[in-house]
Amino acid sequence: MNFKSRILGLLCASLGIATISLAQTPTDGLMMPKGEICIAVVYENSSWGRYWEGTYSRENANIGTFTRQMLMPMVVGGITDKINFIVSLPYVKTAATGGQMAGVEGIQDLGLSLKAQVVDKALGKGKLMGFTNLSFSTPASNYLSDYMPFSLGFGANELGLRAIGQYELDKGPYLRASFAYLHRGTTEAERDFYYNDGAYYTSTMDVPDAIHGQLALGSWFLNKKLRVEASLTTFRCANGDDIRVYNMPQPTNKVDFDRIEGFAQYYFTGGRGFGVIAYYNHMFSGRNMGQFSGFGLGMTYQFKAF
Amino acid sequence: MKKYFYLIITLLSSAFLLNACVEDLPTQYEYTGYEFADLDPNAGQWKLVIHTSNEQVAIPTPPQTGSSELNRELAEAKQKIAAATSAQRESVKYWTNNPLLRWNEIALELATKYNLIPAPNPDGTYPSPDPANPGKYPLFPYSHPPYTSRMLAYLSVAQYDGLIMAWHYKYKFKREAPYQLDPQIKTAYESNNLFSYPSDGAVIAISSREILTAMFPLEKEYLARMAEEHLESLILAGINVSSDVEAGKLIGAEVAKTALARASTDGMRNAQTNKAKSDSIKNAAKERFGWFWENQESPQRPVGLAPLFGKVRPWNIPNVEAVRVGPPPAPGSAEFNKDAEELKRFAANLTPEQRRIANFWNDGLNTYTPPGHWNRFAKEKTVAYRLSPVRTARIFAYMNMAIMDAGISCWDVKYYYHYPRPIQTIPGFKTILGTPNFPAYTSGHSTFSAAAAEVLSYFFPTDAAQFRKWAEEAALSRIYGGIHYRFDAEVGLEQGKNVGSYSVAKAKQDGID
């Protein structure tokens, strides 16, 4: 292991976390070396007072402010220096301040992901890195996806393939871009008839595929103890229907959003041991979903396991 | 490096492939034309619902077998069949030889499409659909359960009377079907000895188009297109020639006219009241019983759903008083508290099976409503028992009359007792189903379902236990969902069964089931 990658490896890989019941999306440009394990617990609290019905933004006093809290344990580990695994299992709780609809809580989706570094080369005054990431998530409880907006998730398997590219200057600043295609399967409703631009005589609902793109600008500070980053995320479903006027959303909807995020990660010891992360994000445009703003706080602990 | 690149390409393309493999989800009931268990040759004598004579609609005497006119029609049919496109052949398969079921399905789809509750205006008031200006938001109609029950009743009654007349003429004129007159014509369905003049399919196409266009005015073009396609399929299927179709169209148009004349004076136009009238109804209950229901939405809806639907003219019950149930227990009474406590228990600990039942029967906004749900059951049973079109129409007509009567009776009771919903009486109560915009007692689901089950049990006695179980489950689903007390559901079941028995008694007068 050369010196550079050891430094990098000693840092607990950060956790790009998406709201709106998406499984965790490992979009960052970090790798854990072989045998290092990082355990993280992240608490996220996001809420909205307006939502997009199609692209029309509306309020609904029968929901008032909608809040989604998530507690997500996560394990990231180095299988080799170039291949990492990521496992996550969020617990989600939803509630609304208005109306009489009951919120729900429970275990959401089990996320499994493999991330490989495929490019690592010096370039100019920095280095160019490339990663690819294959992710899979599946509902880990019998939560009902057809209970939107309260449902814990979209209730379908998701297979994601992501490419990540990062250019990092030796002085600390970096630019990162990632793109993912998310293939989603179907989810089961508890009714066997629904409307999706026409009648459907089945309880199976098709959850649209989506693309997820991110552009991030960040930098390392304090001798690589602190990382600060700003990012722009865009999410687009490939197809799907719009929420009908003053009606409930459903898993077949075409969900889109654009979001900005500020993120910081601090390693107390600059390597193994404890670290903290914090982030805030805000959606500024969207379709068929709540206009979430939220923050996340997390603790990380890294150790050499083998 | 390169090999990773190929790996990425491979993985990406497999993800796309997976996507392509997602099976097509069913958008209609999968059935094909079938051999009828019985042709019901005497159906021309069955009791009409809104007509007095099976020759009330006159049709011309058909051209004789061997006549040049009929031969010309047969030649024309052969030409059309030979020139049929694959899309036209698909359409023949779609419509089948029992096309009433397809029109019923179209009706359910439109009921779903229009079952959206008006959103509030920015100033907190609510707009109402305007039949005189159906395209202005909120679109007309708002196809809520009473509306859908009535739409289905008129549709089914017109279809039924039309088919009774068609059957009468079929066996009067005894004209054989084109595929029997001309060996070069093959039927797309099972061959049988049903006479073809007039076309029963054309009766269904036109009566359905007319009723549904009146009920869903914005769908006029769509319905016209569907009817054209259906009429065309009758010739292409080899079961009708043009004179069959033309005679069927005459009957279809006339029976629809009679049905719509009844509909225009049945009181539905007054069912949705203004706030003053609505308040007077509420105050009457307050004075009589000491309680009242109020909408709990924000902003509050000033008028409940169709307060005077209980005054709409029923089909088979003599009047609403004859089937009106006794009062519910007063809020705060021991009996009330017992059922309210039960709701709190369910809300705290709903089993997966109870949740499934609540959602399976939800049939709320953006669905075909409980009347639609029972029409779906009837459709599936009809195919399972391979019923003839006229027998099918009979079942739908009696069931949908009973369902509409159940709605009328239920709405009479709802606004007579004006009983508050659980979210109004139990502080902080939360539900997993949306609470509808009308009083609790009695449960519409229970009343609709029990009435439908009663009629279906009469027509399909071997399945009676199943229908009653479904009705009970529909009733229970509202308790699990937190929007009805047990007494709403249980009394609603009794009420619906009672209402349904009036339709059964009327059907029995034919002595044929």
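## Close-up views of a predicted two-chain model

**View 1. Helices H5 and H9 of chain B cross each other.** H5(B) passes H9(B) in a crossing that is right-handed. Like every view here, this one comes from a predicted model. H5(B) covers residues 145-173 and H9(B) covers residues 242-264. Their axes lie 9 Å apart and make an angle of about 140 degrees. Angles over 145 degrees would count as roughly antiparallel, so this pair is classed as oblique. To find the meeting place, look on H5(B) for B:Tyr154, B:Val157, B:Ala158, B:Asp161, B:Gly162, B:Met165 and B:Ala166. Their partners on H9(B) are B:Gly248, B:Ile251, B:Gly252, B:Val255, B:Ala256, B:Ala259 and B:Ala263. Sorted by class, this contact holds 10 nonpolar, three polar and one charged residues.

**View 2. Helix H5 of chain B also packs against helix H13.** Now follow H5(B) to H13(B), the helix of residues 369-384. Here the axes are 7 Å apart, and the angle is about 40 degrees. Are the two helices parallel or oblique? Roughly parallel would need an angle under 35 degrees, and H5(B) and H13(B) are therefore oblique to each other. H5(B) brings B:Pro145, B:Thr148, B:Ser149 and B:Leu152 to this contact. Across from them, H13(B) offers B:Thr369, B:Pro370, B:Pro371, B:Gly372 and B:Asn375. The classes here are four nonpolar, five polar and no charged residues.

**View 3. Helix H13 of chain B meets helix H14.** H14(B) runs through residues 389-417. It packs with H13(B) at an angle of about 160 degrees, and the two axes are 11 Å apart. Because angles over 145 degrees count as roughly antiparallel, that is the word for H13(B) and H14(B). H13(B) passes H14(B) in a right-handed crossing. On the H13(B) side you can pick out B:Pro371, B:Trp374, B:Ala378 and B:Thr382. On the H14(B) side, look for B:Thr392, B:Ile395, B:Phe396, B:Met399 and B:Ile403. Seven of the residues in this contact are nonpolar, two are polar and none is charged. You may recognise B:Pro371 from the previous view, where this residue of H13(B) is among those that meet H5(B).

**View 4. Chain B is a chain of helices.** Stepping back from the helix pairs, how many helices and strands does chain B have? The count is 18 helices and zero strands. Its C-alpha atoms fill a box of roughly 85 × 80 × 50 Å along the principal axes. A compact globule of 513 residues would have a radius of gyration near 24 Å, and chain B, at 25 Å, agrees with that. Buried residues make up 53% of the chain. Among contacts between residues at least 6 apart in sequence, 84% link residues at least 24 apart.

**View 5. Chain B touches chain A.** In this view, 43 residues of chain B are in contact with 34 residues of chain A. Which helices of chain B each supply at least two residues to its side of the meeting place? They are H1 (2-20), H4 (100-113) and H12 (352-360). H1(B) gives the largest share, with seven residues. The chain B side has 24 nonpolar, 13 polar and six charged residues.

**View 6. Chain A is built with many strands.** Chain A has one helix and 20 strands. Its C-alpha atoms fit a box of roughly 60 × 35 × 30 Å, again along the principal axes. For 306 residues, a compact globule would have a radius of gyration near 19 Å; the 20 Å of chain A agrees. Of these residues, 50% are buried. Among its contacts with a separation of 6 or more, 62% are between residues 24 or more positions apart.

**View 7. Two residues of chain A sit in different surroundings.** Is A:Ile277 buried or exposed? This residue belongs to strand E19, residues 273-287. A:Ile277 has 21 C-beta neighbours inside 10 Å, so it counts as buried. Its C-alpha atom is 21 Å from that of A:Ser113, 164 residues away along the chain. A:Phe221 lies in strand E16, residues 210-221. With 14 other C-beta atoms within 10 Å, A:Phe221 is partly exposed. Beyond its neighbours within four places in sequence, A:Phe221 is in contact with A:Gly172, A:Leu226 and A:Val228. A:Glu188, 33 residues from A:Phe221 in sequence, is 47 Å away, C-alpha to C-alpha.

How values were computed. Residues numbered from 1 in each chain as written. Chains lettered and ligands numbered in written order. Predicted model: local features only at pLDDT ≥ 70, side-chain atom pairs only at ≥ 80, totals over all residues. Helix = DSSP H or I, 4+ residues; strand = E, 2+ residues; numbered from the N terminus. Buried ≥ 20, exposed ≤ 12 C-beta atoms within 10 Å, placed from the backbone. Contact = placed C-beta atoms within 7 Å. Nonpolar A, V, L, I, M, F, W, Y, C, P; charged D, E, K, R; others polar. Rg over C-alpha atoms; globule rule 2.2 N^0.38 Å. Axes fitted to C-alpha atoms, helices over the stretch in contact; angles between N-to-C directions. Parallel < 35°, antiparallel > 145°, perpendicular 65-115°, else oblique. Left-handed = near helix turned anticlockwise from the far one by under 90°.
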